[in-house]
Amino acid sequence: MAGRLLGRALAAVSLSVALASVTVRSPGCRGIPPFRNSFSSCWFHLNTNVMSGSNGSKENSHNKARTSPYPGSKVERSQVPNEKVGWLVEWQDYNPVEYTAVSVLAGPRWADPQIRNPAGRTGLVGRGLLGRWGPNHAADPIITRWKKDSSGNKIMHPVSGKHILQFVAIKRKDCGEWAIPGGMVDPGEKISATLKREFGEEALNSLQKTSAEKREIEEKLHKLFSQDHLVIYKGYVDDPRNTDNAWMETEAVNYHDETGEIMDNLTLEAGDDAGKVKWVDINDKLKLYASHFQFIKLVAEKRDAHWSEDSEADCHGL
């Protein structure tokens with residue numbers, strides 16, 4: 001169905017209004033029916049630095065979703081310049097590559113293809129490695145503690161004068177990048193259950209434990225995950241797996257162990273999709289998977305922790 005005209009649709013993304021659709025003509029994407037308004041309820045932003053509006057003009061907006069080759073393949077995306085990311089920008093010659101992994105084609109077909117990436121063009125149509133057309137929901141638990149010295153005192157950074165925060169990071173097996181130990185929400189699963197399950201599987205290797213060990217882990221995690229927490233971010237993420245028709249949305253939540261007593265009694269052990277796991281000092285030098293850098297940056301701000309050796313950055317916010 002090459003050359004079929006798509007419905008042009010997407011009002012600008014904002015912090016306070018939902019996306020609206022307008023049926024007009026926009027050329028190029030192959031085999032995709034006109035867009036219809038079927039976005040998930042979690043589409044909104046808590047931080048405009050993570051994603052910009054639909055024109056894709058900001059530096060941090062929609063970059064990883066345009067990288068090649070596509071993860072786990074040799075597929076090269078059609079190149080999309082910054083000024084042509086937004087769907088409302090006319091582009092008569094837009095002809096994105098079509099790709100859906102064989103493993104995805106073998107599984108169930110969830111939802112439908114009549115939907116378009118809210119952040120704009122990615123240079124690829126189809127589902128890629130994502131199981132669902134449209135939003136694919138994930139949950140990212142950010143587990144933090146204060147870095148302490150041998151006497152148990154919180155360590156202060158000598159330049160910023162703020163205490164150093166640490167978070168549990170995993171090294172992903174698929175790409176080798178360090179990341180928050182999160183994962184996909186199972187059908188019918190509550191986000192709170194996903195957050196706890198994914199942390200246990202990836203950072204504590206709970207899937208390989210005995211029944212008695214699993215019960216012990218569950219008891220300790222219940223204490224951590226039942227306390228007050230901070231929802232850091234909800235919505236679209238700039239992920240290298242995103243396509244014009246399928247994309248990642250996540251809920252990133254910070255669970256903080258203020259005294260360190262809970263996590264001190266849990267041994268980190270990589271499992272499931274994780275190759276390695278460790279406590280990592282939070283600062284602006286981190287290089288993390290997808291949009292995880294922005295999430296960690298927000299945690300540092302919310303907890304008033306050290307972030308940058310540039311005192312101006314710490315004093316005037318992130």
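This report describes the fold, nonpolar cores, aromatic contacts and largest pocket of a predicted protein model.

**Overall organisation**

The protein contains 6 helices and 11 strands. Of its 318 residues, 50% count as buried. Contacts between residues at least 6 apart in sequence are joined, in 70% of cases, by residues at least 24 apart.

**Nonpolar cores**

In soluble globular proteins, nonpolar side chains tend to be buried together. The largest nonpolar core of this model has 25 residues, and the members that touch the most other members are Ile 142, Phe 167, Ile 232, Ile 282, Phe 295 and Ile 296. Two or more residues of this core are given by each of the strands β5 (134-146), β6 (165-172), β9 (230-236) and β10 (246-256), and by helix α5 (292-302). Helix α5 provides the largest share, with 5 residues. A second core, separate from the largest, comprises 24 residues, including Ala 139, Phe 199, Leu 224 and Tyr 289.

**Aromatic pairs**

The structure holds 7 aromatic pairs. Two of them are set out in the table below.

| Pair | Arrangement | Centre to centre | Angle between planes |
|---|---|---|---|
| Tyr 70 and Tyr 99 | edge-to-face | 5.5 Å | 65° |
| Phe 199 and Phe 225 | tilted | 6.2 Å | 50° |

The pair of Tyr 70 and Tyr 99 links distant parts of the chain, 29 residues apart: Tyr 70 lies in the loop between β2 (24-26) and β3 (97-100), and Tyr 99 lies in strand β3. Tyr 70 counts as buried because its relative accessibility is 1%, under the 20% limit. Tyr 99 is also buried, with a relative accessible area of 16%.

The pair of Phe 199 and Phe 225 likewise links distant parts of the chain, with Phe 199 in helix α2 and Phe 225 in helix α3 (residues 211-225), 26 residues apart. Phe 199 has a relative accessible area of 0% and is therefore buried. Phe 225, at 10% relative accessibility, counts as buried as well. Phe 199 is in addition a member of the second nonpolar core.

Ring pairs also link Trp 87, Trp 91 and Tyr 94 into a cluster.

**Charges over rings**

Trp 87, one of the residues in that cluster, has the charged end of Arg 116 over its ring, 3.8 Å from the ring centre. A further arrangement of this kind involves Lys 154, whose charged end sits over the ring of Trp 146 at 4.9 Å from its centre.

**Helix α2 and Glu 198**

Glu 198 is located in helix α2 (residues 191-203). This glutamate counts as buried because its relative accessibility is 5%, below the limit of 20%. Leaving aside residues up to four places away in sequence, Glu 198 touches Pro 181, Gly 182, Gly 183, Met 184 and Ala 203.

**Largest pocket**

The largest pocket has a volume of about 480 Å³. Its lining is formed by 17 residues, and those nearest the pocket centre are Trp 110, Arg 132, Asn 136, Met 184 and Val 185. Met 184 is also one of the residues that Glu 198 touches. Strand β5 and helix α2 each supply at least two residues of the lining. The largest share, 3 residues, comes from β5, an element that also gives two or more residues to the largest nonpolar core.

Conventions:
Residues are numbered from 1 along each chain as its sequence is written. This is a predicted model: local features need pLDDT of at least 70, side-chain atom pairs count only at pLDDT 80 or more; totals for chains, interfaces and linings use all residues. Side-chain values use heavy atoms; hydrogens and water are left out. Helices (H or I, at least four residues) and strands (E, at least two) are DSSP runs, numbered from the N terminus. Buried means under 20% relative accessible area, exposed over 50%, partly exposed in between (1.4 Å probe, protein chains only). Contact means heavy atoms within 4.5 Å. A nonpolar core is a set of buried Ala, Val, Leu, Ile, Met, Phe, Trp, Tyr and Cys residues joined through side-chain atoms within 4.5 Å. Rings of Phe, Tyr and Trp (its six-membered ring) pair if their centres lie within 6.5 Å; planes under 30 degrees apart count as stacked, over 60 as edge-to-face and the rest as tilted. A charge sits over a ring if NZ of Lys or CZ of Arg is within 6 Å of the ring centre and within 35 degrees of the ring normal. On a 1 Å grid over the protein atoms alone, a cavity is a set of points where a 1.4 Å probe fits but cannot get out, and a pocket is an open set with protein on both sides within 12 Å along at least five of seven lines; lining residues have an atom within 4 Å of a point. Grid points are joined across faces, edges and corners, and a volume is the space filled by probe spheres set on the points.
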